[in-house]
Amino acid sequence: MVERRKPIKVNEAISRVMNFATSGKVEYVPIEDSYGRFLGEDLIADHHVPPFDRSPYDGFAIRSIDTIAASSANPIELEVVGEIGAGSVFEDTVTEGQVVRIMTGAQIPDGCDAVVMFEVVKEFENDNKSFIQLKRNVKSGDNISFTGEDTKKGTSLVRKGTFINPGIVALLATFGYKKVPVSKKPKIGIIATGSELLGVDEPLQPGKIRNSNAFMVQSQIIRAGGEPIYFGQFSDEFETCFNQVANALSQVDILITTGGVSVGDYDYLPEIYNKLHANVLFNKIGMRPGSVTTVAEIEGKLLYGLSGNPSACYVGFELYTRPIIRTFLHHTNAFLKKEVAILGSDFPKPNPFDRFVRGHLTYESGRLVATPVGLDKSNVVSSLAEANILIVLPGGTRGYEAGMEVSVILLEDQEGTTIEKFTTMDVNTRRSQRKYD
Ligand SMILES: Nc1nc2c(c(=O)[nH]1)N[C@H]1C(S)=C(S)[C@@H](COP(=O)(O)OP(=O)(O)OC[C@H]3O[C@@H](n4cnc5c(N)ncnc54)[C@H](O)[C@@H]3O)O[C@H]1N2
Ligand code: MOO
Ligand SMILES: [Mg+2]
């Protein structure tokens with residue numbers, strides 16, 4: 001007699017998994033390797049930026065007080081007493097009637113309080129001395145980049161757990177981080193199951209297909225910020241499979257298997273969980289695809305039994321594994337961001353389960369449009385290539401029409417959100433009220 005599994009709600013499955021979320025340690029990497037990692041501690045400015053008053057132009061540093069009387073009818077003449085490029089410092093104090101030739105980025109000399117650009121002065125020589133002629137007056141502070149105007153010492157600039165983008169790399173360099181504290185990546189093992197699976201380099205054979213899930217999940221892990229470790233494919237023999245899982249589990253923070261999790265004769269995972277005395281959090285979710293997604297726990301370590309069907313495997317990972325990875329990385333917004341979009345084409349098939357339809361999001365005249373891509377079956381692989389969103393269609397008795405408002409989950413977003421509820425009633429209620437042409 002086949003086992004009857006009781007489906008639980010998506011939000012309930014997420015919260016059961018999140019009960020086992022842990023945060024990882026912090027390690028140091030060279031700044032060159034920090035892009036794409038997650039910051040391991042708050043980044044606080046330990047000095048002003050810029051650290052000194054500096055010139056934003058190539059020109060002359062002057063004393064504004066000397067220019068009070070200057071006008072086109074009354075040009076004034078000032079003596080050039082020195083020249084500094086960026087990185088050099090004028091050692092003396094500039095006094096009445098003097099200016100210093102200064103380049104962009106150079107520190108404003110003592111005594112000066114403004115800069116005039118080359119373009120607004122006339123330069124001339126007299127008696128082997130250099131002078132400028134100026135026909136306008138200048139206010140104190142004109143053309144100066146002031147100390148701390150970019151950021152002040154003590155400002156908290158980036159929070160621990162933030163995804164390090166190129167702008168953050170620039171800040172890290174500004175504040176002298178040759179080595180950057182980053183969240184250690186969780187090590188995530190992958191085992192593919194199924195005697196029908198061929199290696200990517202093998203020619204097709206009758207009844208067999210190439211193993212795509214293992215490589216798909218590896219890249220999903222990388223996109224989420226984890227470190228994948230591929231342990232290869234299951235053998236056909238139960239004891240060997242059990243040992244493979246137990247051995248892999250001892251080497252990783254999280255273990256993912258794909259396939260073999262349903263009720264088939266060769267679906268070994270349920271029996272393996274049993275033999276491992278694992279605490280199975282759930283083995284059926286009211287969702288499509290991915291209803292068979294199973295998560296078990298042993299001594300706080302999570303084992304994901306993702307479906308063998310590619311689309312189901314993909315969705316199961318994004319909903320239940322990704323937030324655990326992000327939490328491990330100290331990212332405070334562990335969940336994928338949700339937006340409201342307009343459904344781009346009809347989705348007539350009603351379903352009692354919540355659906356996560358692979359879709360493509362576009363911007364059309366200021367509106368977000370979510371269009372389902374490819375065949376909506378859990379065993380398809382081709383729809384995944386174009387998907388940049390999952391369109392959330394809550395279960396019910398009716399289908400959905402183009403123009404309705406729907407929730408979408410943004411797959412490529414790095415910001416995330418703290419909100420874990422991917423399926424909510426708000427869209428359900430709204431869909432009956434608003435429809436766009
Ligand atoms: N009697 C029932 N049968 C099935 C049920 C059910 O409730 N009762 N659930 C169906 C659903 S829903 C899904 S989803 C699948 C889940 O199957 P498994 O997770 O056990 O996965 P497998 O049986 O191993 O394989 C399913 C399918 O996926 C292909 N596959 C497997 N691994 C890979 C891989 N690495 N790369 C590409 N494709 C893979 C495999 O060849 C099968 O076609 O069960 C339904 N059955
Ligand atoms: O787990 Mo299945 O994906 O619902 O078709
Ligand atoms: Mg199966």
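**View 1. Phe-131 is a buried residue in an aromatic pair.** Phe-131 has a relative accessible area of 18% and so counts as buried (under 20%; exposed is over 50%, partly exposed in between, with a 1.4 Å probe and protein chains only). This is a predicted model, where local features need pLDDT of at least 70 and side-chain atom pairs 80 or more, while totals for chains, interfaces and linings use all residues. Residues are numbered from 1 along each chain as written, chains are lettered from A and ligands numbered from 1 in written order, and side-chain values use heavy atoms, without hydrogens or water. The structure holds seven aromatic pairs (Phe, Tyr or six-membered Trp rings with centres within 6.5 Å; planes under 30 degrees apart are stacked, over 60 edge-to-face, the rest tilted). In one of them, Phe-131 is stacked with Phe-124: the centres are 5.5 Å apart and the planes meet at 15°. Phe-124, at 23% relative accessibility, is partly exposed.

**View 2. A tilted pair joins a helix and a strand.** Which two residues form this tilted pair? Look for Phe-215 and Tyr-230, whose ring centres lie 6.0 Å apart with 55° between the planes. Phe-215 belongs to helix α3 (residues 213–224) and Tyr-230 to strand β14 (residues 227–233), so their pairing ties together parts that are 15 residues apart in sequence. (Helices, H or I of at least four residues, and strands, E of at least two, are DSSP runs numbered from the N terminus.) Both rings belong to partly exposed residues: Phe-215 has 38% relative accessibility, and Tyr-230 has 30%.

**View 3. Three aromatic residues form one cluster.** Find Tyr-35, then Phe-38 and Phe-163, and you have the members of this aromatic cluster.

**View 4. Ligand 1 is surrounded by 22 residues.** The closest of these are Glu-196, Asn-211, Gly-260, Ser-262 and Gly-308 (a residue is near if one of its heavy atoms lies within 4 Å). Start with the ligand's nitrogen, since one such atom is 3.1 Å from a polar backbone atom of Ser-212. An oxygen atom of ligand 1 lies 3.2 Å from an N or O atom in the side chain of Asp-267. On the backbone of Asn-309, a polar atom is 3.3 Å from an oxygen atom of the ligand.

**View 5. Asp-267 holds the protein donors of the magnesium ion.** Asp-267 sits in the loop between β15 (254–258) and α5 (269–275). The magnesium ion is ligand 3, and its protein donors are Asp-267 (OD) and Asp-267 (OD), lying 2.4 Å from it (donors are N, O and S atoms within 2.8 Å, or 3.2 Å for Na, K and Ca; water is absent, so sites may look incomplete).

**View 6. Ligand 2 has its own set of surrounding residues.** Around ligand 2 you will find Met-287, Arg-288, Pro-289, Gly-290, Ser-291, Val-292, Ala-312 and Ser-378. Which side-chain atom of Arg-288 should you pick out? Choose the polar one that lies 2.6 Å from an oxygen atom of ligand 2. At Ser-378, a side-chain N or O atom is 2.7 Å from a ligand oxygen. Val-292 takes part through its backbone, with a polar atom 3.0 Å from an oxygen atom of ligand 2.

**View 7. Arg-358 is buried and makes polar contacts.** Is Arg-358 buried or exposed? Its relative accessible area is 1%, so Arg-358 is buried. You will find Arg-358 in strand β21 (residues 354–364). Its side chain makes a polar contact of 3.3 Å with the side chain of Asp-376 (N or O atoms within 3.5 Å; within protein, one able to donate a hydrogen and the other to accept it, with sequence neighbours counted only if both atoms are in side chains). A polar contact of 3.4 Å also joins the side chains of Arg-358 and Ser-383.
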